[in-house]
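Biologist: I am new to this model and would like a close look at one part of it. Please take one helix and its packing, and follow it outwards from there.

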Amino acid sequence: MYQKQYEQITDALVNDGYVVITDALEKKLPSALLNEAKNEQDFKRAGISGLGDLHLDSNRRRDKIHWLSRSADAQASFLDFASGLQEYLNKELYLGLSYYESHFAIYDKGAFYEKHLDSFKNSKNRVVTTVYYLNEDWTDNDGGELVVYDEDDNFLAKVKPDANTLIVFMSEKFPHEVLPAKRKRYSIAGWFRIDKV
Ligand code: OGA
Ligand code: MN
């Protein structure tokens, strides 16, 4: 179903290491996912898992998260997209991806996530990152952009967290940050890993 997207993502990962796709998935998927996120009561403060222990650090990130599961329809559709991508990347690039984990994230007004890498030096298990956005009618004044840098910290891209925009990048190579959001912001961050948690 997403063959074209799989090809585009694979080519871009080889050539540039990252890709931003607007109108990425089925048109109805972002609003269905947004409804499921809004119906979910159990969002928890996100932590930073650096050197083993998970710890909360409000100075570095202020989002709330809820892990996706197949028990809701839209989440199952999104996870189907991800497992198709995993299979394709393994077949074409021999990445040996074994597992995909993903969570909804809510950034309340004023929330942000400081510049970071998704894969830590001591645990190279997150290989490919995906971020998918669910926000309808996001304007330039709403802030909350994802800013992506290269390995030398040069600016690469500023991504508006608009519904149905998808970014995929190599987890170890691209520092990125979420600028303070001026209204409530919904995303799904996900990682293909080479181990099982
Ligand atoms: C993350 C992350 C970006 C976003 O959760 O690691 O970088 O735009 N999220 O939500
Ligand atoms: Mn990140």
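Biologist: Is the crossing of helix H2 and helix H3 left-handed or right-handed?

Modeller: The model is predicted, so what follows describes a prediction. The crossing of H2 and H3 is left-handed. The contact is made on the H2 side by Leu-29, Ala-32, Leu-33 and Glu-36, and on the H3 side by Asp-73, Ala-74, Gln-75, Ser-77 and Phe-78. Sorted by class, five of these residues are nonpolar, two are polar and two are charged.

Handedness is one part of the description. Two packed helices are also described by the angle between their axes and the distance between those axes. H2 covers residues 29-39 and H3 covers residues 73-93; their axes come within 8 Å and cross at roughly 130°. An angle over 145 degrees would count as roughly antiparallel, and 65 to 115 degrees as roughly perpendicular. The angle here falls in neither range, and H2 and H3 are therefore oblique to each other.

Helix H3 also packs with helix H1, which covers residues 3-15; the angle is about 50° and the axes are 10 Å apart. That makes H1 oblique to H3. The crossing of H1 and H3 is right-handed, whereas that of H2 and H3 is left-handed. On the H1 side the contact is made by Gln-3, Tyr-6, Glu-7, Ile-9, Thr-10, Leu-13 and Val-14; on the H3 side it is made by Asp-80, Phe-81, Gly-84, Leu-85, Tyr-88, Leu-89, Glu-92 and Leu-93. By class, the contact of H1 with H3 has nine nonpolar, three polar and three charged residues.

Three residues of H3 can now be taken in sequence order. Gln-75 lies in H3 and is one of the residues that make the contact with H2. Its relative accessible area is 6%, so Gln-75 is buried, the cut-off being under 20%. Setting aside residues up to four places away in sequence, Gln-75 touches Leu-33, Glu-36, Trp-67, Leu-68, Ser-69 and Phe-104. Among these, Leu-33 and Glu-36 are H2 residues in the contact of H2 with H3.

Ser-83 also lies in H3. With a relative accessible area of 35%, Ser-83 is partly exposed. The C-alpha atom of Ser-83 is separated by 12 Å from that of Thr-130, and the two residues are 47 residues apart along the chain.

Gln-86 is placed in H3 as well. It is buried, at a relative accessible area of 15%. Leaving out neighbours within four places in sequence, Gln-86 is in contact with Leu-97, Ser-98, Tyr-99, Tyr-100 and Phe-192. Tyr-99 and Tyr-100 fall within strand E6, which spans 99-107. Gln-86 and Ser-187 are 101 residues apart along the chain, and their C-alpha atoms are separated by 20 Å.

What follows H3 is a loop that leads to strand E6, and Tyr-94 is found in that loop. Most residues other than glycine have a negative phi. Tyr-94 is not a glycine, yet its phi is positive, at about 50°. Tyr-94 counts as exposed, at 71% relative accessibility. Asp-137 offers another case: it has a positive phi of about 55° and is not a glycine either. Asp-137 lies in the loop between strand E8 (126-133) and strand E9 (146-149), and its relative accessible area of 66% makes it exposed.

Strand E6 provides a link to another part of the chain. Val-178, placed in strand E12 (residues 176-178), has contacts that include Tyr-107, Phe-112, Tyr-113 and Arg-185. Tyr-107 belongs to the span of E6, 99-107. Val-178 counts as buried, at 7% relative accessibility.

The manganese ion (ligand 2) comes last. Its protein donors are His-116 (NE2), Asp-118 (OD) and His-176 (NE2), at 2.1 to 2.2 Å from the ion. Their spacing in sequence is H-x1-D-x57-H. Two of these donors have computed accessibilities to report: His-116 is buried at 11%, and Asp-118 is buried at 6%.

Definitions and conventions. Residues are numbered from 1 along each chain as its sequence is written. Chains are lettered from A and ligands numbered from 1 in the order in which they are written. This is a predicted model: local features need pLDDT of at least 70, side-chain atom pairs count only at pLDDT 80 or more; totals for chains, interfaces and linings use all residues. Side-chain values use heavy atoms; hydrogens and water are left out. Axes are lines fitted to C-alpha atoms, for helices over the stretch in contact, and angles run from 0 to 180 degrees between N-to-C directions. Helices (H or I, at least four residues) and strands (E, at least two) are DSSP runs, numbered from the N terminus. Angles under 35 degrees count as roughly parallel, over 145 as roughly antiparallel, 65 to 115 as roughly perpendicular and the rest as oblique. A crossing is left-handed if the near helix is turned anticlockwise from the far one by less than a right angle, and right-handed if clockwise. Contact means heavy atoms within 4.5 Å. Ala, Val, Leu, Ile, Met, Phe, Trp, Tyr, Cys and Pro count as nonpolar, Asp, Glu, Lys and Arg as charged, and the others, Gly among them, as polar. Donors are N, O and S atoms within 2.8 Å of the metal (3.2 Å for Na, K and Ca); water is not among the atoms, so sites may look incomplete. Buried means under 20% relative accessible area, exposed over 50%, partly exposed in between (1.4 Å probe, protein chains only).
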